[in-house]
Amino acid sequence: MFNDFKLVAEAPVYVQVKNYIKRLMMQGALQAGQRLPSTRELAELLGVSRGSIIAAYEALTDEGLAYAVTGKGSFVAEVSTPGAHAIPAWRMDWHERMNRQARLSVELDHMKRSWPGLRAGKGKILFTSIAPDEQLFDLENVKRAFLDRMAVEGRVLLNYGYAKGYKPLIDDLLKYMEHKGVDLTGKDMLITSGFTEGLDIVLSAIGRDGGAGGRMLCENPTHQTAIKNLRRHGFEISGIPMEPDGLDLAALERELNKHAFDGAFLVPSYHNPTGIVTSAEKRLALLELLGRYRVPIIEDGFNEELRYSGSHVAPLIAMAGQGNGVVYLGSFSKVLFPGIRVGWVLADRELIEVLESVKRARSIHTSTLDQSLLYQYLLNGNLEKYLKRARTEYRRKYEWTKACCEREVPYSRLSGSGGLHLFLEFPDGFDTWELLELCANQGVLFTPGDMFYVDGRGRNTMRIGFSRVSEEDIERGIRLIGEMASKLLGDQN
């Protein structure tokens, strides 16, 4: 006994000793009433300081696992171990118990049902991510913001918060949205744990009762996370084709004449996955058309801050003025730090009151610590400085990736006016899954585009995420993709 103890660097020594002895107790190697070795003896056996053993024994006593007898030492307390009262083992078939939403979540989980070679490995070039480059993360100012806020109200921040959100952050984000041109009359905000929770809460509130879902409009292709959540909530989805400046309005009106819709999910800026920015003229036309048919809009403010060229285009919720038909989902995850799980829903005040109750029933509140950290970071004036640096870096990668694609890849069409990715289309009949298999065998991965379509189309498309790839790897990876694509096209001819 005591000969298999191994120290690791991550935890205090006394905690490791305590957990080691606790494990021996649970396994029955140390029995109730048995005397534990003296602190000096155990320190020699385990090769640690006597002080660590004393602290470990005190912690075991605090947990009721040991007790001390004056002049005699420490002893193992009476502990109810898992094997003390044997009961017949029984097993549940959990797959039989899964409901429709759970089964759909698994079916639509592309990260779990991954394509060949998806798992990141040393030496691979991964165009699969559109997450921020962590090398840009503003660690010093994040640390400063954390310490500043904890010094002001640390004890409050570690307690329960409010379902609606941390008021200083709400007030700051309302001003932020006002600076985007939003008329805040009659509007309010709910803080969420990122974009995905915001969308999930909105869909759970506007769907039809009884799990019937309803029917939703969206761009085709569109944000894959949105497709998953729409289907999980039981919505039938009608996808509208994209043109170079946004939705095909004629196709949209034809669809509006066919069905009644519960809402339209739209990503007007640096659309995921195409990277298209919907023009100002088309945004106004969308608002007029959907307003005429009384279809509320769920607007994803995806990557609005990552504009590299061209003039600013106001979000739909700003163009709607005092109208209340647009629900805006915002987040800094793609431009700041995804690890700070904070997003927001900006919408009509009456809707926010309902969503607040839904939020309280589901998750009580978003981490107040995360919210206050983001608030202090914004308060310290760091956002614009960080965005300036991030835009410079991402613009360089965007332009380099675009130039490499134009030089190396035999695509039919390339789109993407900013953000963190490009979208490529190949001739009809071309299969990007087949291309991926060839590229994956040589350590280069990208995202086939069909998973972004609502109707099984898009096997001739692909998304190239460049945000976390070095310029050298961008060139090498794009060259390989181009070589393999040319080979496949040659084989077809």
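Here is a short conversation about this predicted model.

Visitor: What should I know about the model before we start?
Guide: Residues are numbered from 1 along each chain as its sequence is written, and side-chain values use heavy atoms, leaving out hydrogens and water. As the model is predicted, local features need pLDDT of at least 70 and side-chain atom pairs count only at pLDDT 80 or more, while totals for chains, interfaces and linings use all residues.

Visitor: In what order do the eight strands of the open sheet run?
Guide: Strands here are DSSP runs (E, at least two residues; helices are H or I, at least four), numbered from the N terminus. Two strands pair if DSSP finds at least two bridges between them. The pairing in this sheet is mixed, and the order is 4-11-10-9-8-5-6-7.

Visitor: Which strands stand at the edges?
Guide: Each edge strand has a single partner strand, so one side of each is left without a neighbour in the sheet. They are strand 4 (187-192) and strand 7 (246-247).

Visitor: Does strand 10 run parallel or antiparallel to strand 11?
Guide: Four bridges join strand 10 (residues 326-331) to strand 11 (residues 343-348). One bridge pairs Ser331 with Gly343 of strand 11. On strand 9 (residues 297-300), four bridges also lead to strand 10, and that pair is parallel. Strands 10 and 11, however, run antiparallel.

Visitor: How many residues of strand 10 are buried?
Guide: Buried means under 20% relative accessible area (exposed is over 50%, partly exposed in between; 1.4 Å probe, protein chains only). Val326, Tyr328 and Gly330 are buried on one side, and Val327, Leu329 and Ser331 on the other. The number of buried residues in strand 10 is six of six.

Visitor: Which residues touch the most other members of the largest nonpolar core?
Guide: A nonpolar core is a set of buried Ala, Val, Leu, Ile, Met, Phe, Trp, Tyr and Cys residues joined through side-chain atoms within 4.5 Å. The largest one has 113 residues. Those touching the most other members are Phe127, Phe332, Leu435 and Ile481.

Visitor: How many residues are in the other core?
Guide: This core lies apart from the largest one. Among its members are Phe2, Leu30, Leu42 and Leu46. Its size is 20 residues.

Visitor: Is Glu281 buried or exposed?
Guide: Glu281 is found in helix 11 (residues 280-292). Because its relative accessibility is 60%, Glu281 counts as exposed.
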